[in-house]
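Welcome! Here are a few exercises to help you find your way around a new structure. Try each task yourself before you read the solution.

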Amino acid sequence: MFSQPMLFLVILLGIGLLAKNQSLIIAVACLIIIKLIGMESKILPTIGSKGINWGVTIITIAVLVPIATGDIGFKQLIDAVKSTYAWIALGAGIAVAIIAKNGLILLTEDPHITTALVFGTILAVALFNGVAVGPLIGAGIAYLAMQIVKLFSS
């Protein structure tokens with residue numbers, strides 16, 4: 001029952017509690033419960049393969065709520081394109097989406113890098129009150145950095 005993965009999860013739970021990071025606490029607690037009830041072989045592969053897509057979908061829904069509630073409409077969109085900051089935000093959104101796409105490529109081609117990315121995300125969430133969107137964008141940034149290193153080292 002107390003395997004290495006379970007010990008690792010309990011340590012992460014402790015870090016989450018010390019850092020008072022609700023997202024990390026809930027995530028780790030869910031995984032511990034899934035393991036304790038013996039459903040890990042049925043549930044964890046699905047979460048592992050589809051979880052990022054589910055998370056992106058949930059984040060997208062949350063971002064679109066102001067449109068659905070009417071807080072953001074065409075008037076706000078038109079007003080926004082008149083703002084320099086809105087154009088900067090638009091460019092940043094495009095850049096992040098492209099960088100994240102390359103992160104998926106990296107995670108597919110070099111899956112062992114996932115360990116470092118996940119650990120970096122956990123540290124950022126637990127110690128710096130970060131948000132756990134890190135593995136995907138982190139992989140994208142790592143991919144971009146690796147391409148730059150390749151460019152200058154060849």
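**Exercise 1.** Which side chain is joined to that of Lys-35 by a polar contact of 2.8 Å?

*Solution.* Bear in mind that you are looking at a predicted model.
- Step 1: find Lys-35, which sits in helix H2.
- Step 2: look for its polar partner, which is the side chain of Glu-40, 2.8 Å away.
- Step 3: check how open the site is. Lys-35 has a relative accessible area of 15%, and the cut-off for buried is under 20%, so Lys-35 counts as buried.
- Step 4: list the company it keeps. Setting aside residues within four places in sequence, Lys-35 contacts Pro-5, Met-6, Leu-9, Glu-40 and Leu-44.

**Exercise 2.** Compare the span of helix H1 with the expected one, then work out how its buried residues are arranged.

*Solution.*
- Step 1: H1 covers residues 4-19, which makes 16 residues. At 1.5 Å a residue the helix should span 22 Å, and its end C-alpha atoms are indeed 22 Å apart.
- Step 2: pick out the buried residues of H1, namely Met-6, Leu-9, Leu-12 and Gly-16.
- Step 3: look down the axis of H1. The buried residues fall within an arc of 120°, so they line one face of the helix.
- Step 4: turn to the face pointing away from that buried side, where Gln-4 and Leu-18 are exposed.
- Step 5: see what the buried residues of H1 pack against: helix H2 (22-36) and helix H6 (113-128).

**Exercise 3.** Describe H2 in the same manner, from its span to its packing partners.

*Solution.*
- Step 1: the 15 residues of H2 reach 21 Å from first C-alpha to last, close to the expected 21 Å.
- Step 2: its buried residues are Leu-24, Val-28, Ile-32, Ile-34 and Lys-35. Viewed down the axis of H2, they lie within an arc of 160°, so they line one face.
- Step 3: on the other side of H2 you will find Gln-22 and Ser-23 exposed.
- Step 4: the buried residues of H2 pack against H1, helix H3 (40-69) and H6.

**Exercise 4.** Which residues make up the largest nonpolar core?

*Solution.*
- Step 1: gather its nine members: Met-6, Leu-9, Leu-12, Leu-24, Val-28, Ile-32, Ile-122, Val-125 and Ala-126.
- Step 2: assign them to elements. H1, H2 and H6 each give two or more residues to this core.
- Step 3: follow one member. Leu-12 touches Leu-24, Val-28 and Ile-122, not counting residues up to four places away in sequence.
- Step 4: look for a separate core. There is another one of six residues, including Leu-107, Ile-113, Leu-117 and Ala-139.

**Exercise 5.** Where is Asn-129, and is Asn-129 buried or exposed?

*Solution.*
- Step 1: Asn-129 belongs to the loop between H6 and helix H7 (134-153).
- Step 2: with a relative accessible area of 60%, Asn-129 is exposed.
- Step 3: recall that most residues other than glycine have a negative phi. Asn-129 is not a glycine, yet has a positive phi of about 60°.
- Step 4: look at another positive phi, that of Lys-20, which takes about 55° just after H1.

**Exercise 6.** What is the helix content of the UniProt transmembrane regions at residues 51-74 and 86-107?

*Solution.*
- Step 1: an unreviewed UniProt entry places transmembrane regions at residues 51-74, 86-107 and 113-146.
- Step 2: residues 51-74 are 83% helix and 0% strand, with end C-alpha atoms 33 Å apart.
- Step 3: residues 86-107 are 100% helix and 0% strand, and their end C-alpha atoms lie 31 Å apart.

Methods
Residues numbered from 1 in each chain as written. Predicted model: local features only at pLDDT ≥ 70, side-chain atom pairs only at ≥ 80, totals over all residues. Heavy atoms only, no water. UniProt positions renumbered as here; feature names shortened; annotations may be inferred. Helix = DSSP H or I, 4+ residues; strand = E, 2+ residues; numbered from the N terminus. Expected span 1.5 Å × (residues − 1). Buried < 20%, exposed > 50% of the residue type's maximum accessible area, 1.4 Å probe, protein only. Arc of directions from axis to C-beta. Contact = heavy atoms within 4.5 Å. Polar contact = N/O pair within 3.5 Å; in protein donor to acceptor, adjacent residues only side chain to side chain. Core = buried A, V, L, I, M, F, W, Y, C linked by side-chain atoms within 4.5 Å.
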